[in-house]
Amino acid sequence: MSGRKIRNMEEFAEISGVSRPTVSKYFHDPNSVRASTRQRIEAALEQHDYRPNVFAMNQNRKLTKNVGIVVPYLADPFFAEIARNIEERCIDAGYSPTLFSSHGDPDLEVEILDSLRALKPAGVLLAPLGRVSDRRAVEAFCSDVPTVLFDSFIEGAGLAFVGSDNPQFSHLIVEYLGRTGEPPCFFEMKNPANPNANKRRVGYIDAMKKMGQEPVIISVDGEGWAFEEIGRDGGIEAIKSGRFSTNTILCSNDRLAIGFLSACYQMGIKVGRDSSCDLRVAGQDDHPFSRFTCPPLTTIAQDYESVSRRAVQILFDAVESGTQSGSGETVLFEGKLIMRDSA
């Protein structure tokens, strides 16, 4: 490799003996130039230390290939997994994704949206914080930039919303738990940031009533994204105070359930589905860690693949057709029962 450092495309064009427009054309689509020209450019790439600044190239185009992906909390493996799915689909489609996390902070979420405007993105895939989001800021951004919302719904914002049928999650798990043992109590946070938690509570109440059972909801103190800690501390308090009326606990999400399992361990309570166990515990989401808890967690699996595929498809269809606003359609995917040893 040559010791010379190539700083920009003009210098690379000069040293490779190919015109600047032809070099630019090659980097946008290698098959768009003659085979002999392509060979010359690729030989120069091997010889010299040069890679084009794709971001700068995109900024100079009328329609960039930049795509923003925004999630509420990247440290949560659920969001990391769905972001990974979306990112791979964007790359496969020839786009350049940039991933952002709002870390549960509504002010940071607004700052991210403002920063994305400067990137001139072709579009954005946004999982908003939900209840604590600045709705006006989100709606204004969606009116400026083609945006598909996923996971958390904000009415009237974006081209479309793609997510999970959260009431169906609760119906499915409540029916299973009621059929195989005592009906479940519902364990939740008092102030959940994500509106999906409220939908799951409503689904739980409806499912219990359809079974002829009285809903029992245990709400514990806590807000923000430290679900495991909240589940552990709230679980210990609820168990000590005798708030559970049955031996079956359905948690609002898997991260709360992981914390609740920790509470049970600390208190010497055996969790599982055989007669020697004290409690059955189930969650919702099929969190990437749920299969590795002790015991492995019974849950409802989110359809990561379908949610990511449909969200990306809607966005790219709009981008390629030049559509700025959509029908506001809502696409929901059902969950799947995952039976493990905890229930």
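# Briefing: helix H9, the nonpolar cores and selected local features

In helix H9, the residues that count as buried (under 20% relative accessible area, with exposed meaning over 50% and partly exposed in between, for a 1.4 Å probe and protein chains only) are Asn196, Ala197, Arg200, Arg201, Gly203, Tyr204, Ala207 and Met208. Seen down the axis of H9, these residues fall within an arc of 165°, so they line one face of the helix; the arc is that of the directions from the helix axis to the C-beta atoms. The model is a predicted one, in which local features need pLDDT of at least 70 and side-chain atom pairs count only at pLDDT 80 or more, while totals for chains, interfaces and linings use all residues. Residues are numbered from 1 along each chain as its sequence is written, and side-chain values use heavy atoms, with hydrogens and water left out.

**Overall composition**

- The protein has 12 helices and 12 strands, where helices (H or I, at least four residues) and strands (E, at least two) are DSSP runs numbered from the N terminus.
- Of the 343 residues in the protein, 51% are buried, and the C-alpha atoms fill a box of roughly 80 × 40 × 30 Å along the principal axes.
- Among contacts (heavy atoms within 4.5 Å) between residues at least 6 apart in sequence, 70% join residues at least 24 apart.

**Helix H9 and its surroundings**

- H9 has 15 residues and reaches 21 Å from its first C-alpha to its last, close to the expected 21 Å, the expected span being 1.5 Å times one less than the number of residues.
- The cover over the buried residues of H9 includes helix H8 (166-180) and the strands E6 (185-189), E7 (217-220) and E8 (248-251), whereas the face turned away from the buried side carries the exposed residues Val202, Lys209 and Lys210.
- Arg201, which is found in H9 (residues 196-210), is in contact with Phe186, Glu188 and Ile217 when its neighbours within four places in sequence are left aside.
- The side chains of Arg201 and Asn198 are joined by a polar contact of 3.2 Å, a polar contact being a pair of N or O atoms within 3.5 Å of which, within protein, one must be able to donate a hydrogen and the other to accept it, with residues adjacent in sequence counting only if both atoms are side-chain atoms.
- Just after H9, Gly212 takes a positive phi of about 75°.

**Nonpolar cores and strand E3**

- The largest nonpolar core has 52 residues, of which Leu125, Phe187, Phe244, Phe260 and Val281 touch the most other members; such a core is a set of buried Ala, Val, Leu, Ile, Met, Phe, Trp, Tyr and Cys residues joined through side-chain atoms within 4.5 Å.
- Helix H12 (residues 304-321) gives the most to this core, with nine residues, and apart from this core lies another, of 16 residues, among them Leu119, Phe141, Ala157 and Phe161.
- Strand E3 (residues 123-126) is covered on both faces, with Gly123 and Leu125 buried on one side and Val124 and Leu126 buried on the other.
- Strand E1 (residues 66-71) runs parallel to E3 and is joined to E3 by four bridges, with Val124 of E3 as the bridge partner of Gly68; two strands pair if DSSP finds at least two bridges between them.
- E3 also pairs in the parallel sense with strand E4 (residues 147-150) over three bridges, and here Val148 of E4 is the bridge partner of Leu125.

**Helix H3**

- The 13 residues of helix H3 (residues 35-47) should span 18 Å at 1.5 Å a residue, and the end C-alpha atoms are 18 Å apart, which agrees.
- The buried residues of H3 are Thr37, Ile41, Ala44 and Leu45.
- These residues cover an arc of only 105° around the axis, which puts them on the same side of H3, while Gln39 and Glu46 are exposed on the other side.

**Strand E5 and backbone features**

- Ala160, in strand E5 (residues 160-164), is buried, with a relative accessible area of 1%.
- Ala160 and Thr330 are 170 residues apart in sequence and 5.9 Å apart in space, C-alpha to C-alpha.
- The peptide bond from Cys294 to Pro295 is cis, with omega near 0°, and Pro295 is found in the loop between strands E9 (280-282) and E10 (299-301).
- Asp151, in the loop between E4 and E5, has a positive phi near 70° and counts as buried at 7% relative accessibility.
- Asp286, in the loop between E9 and E10, has a positive phi near 55° and counts as buried at 12% relative accessibility.
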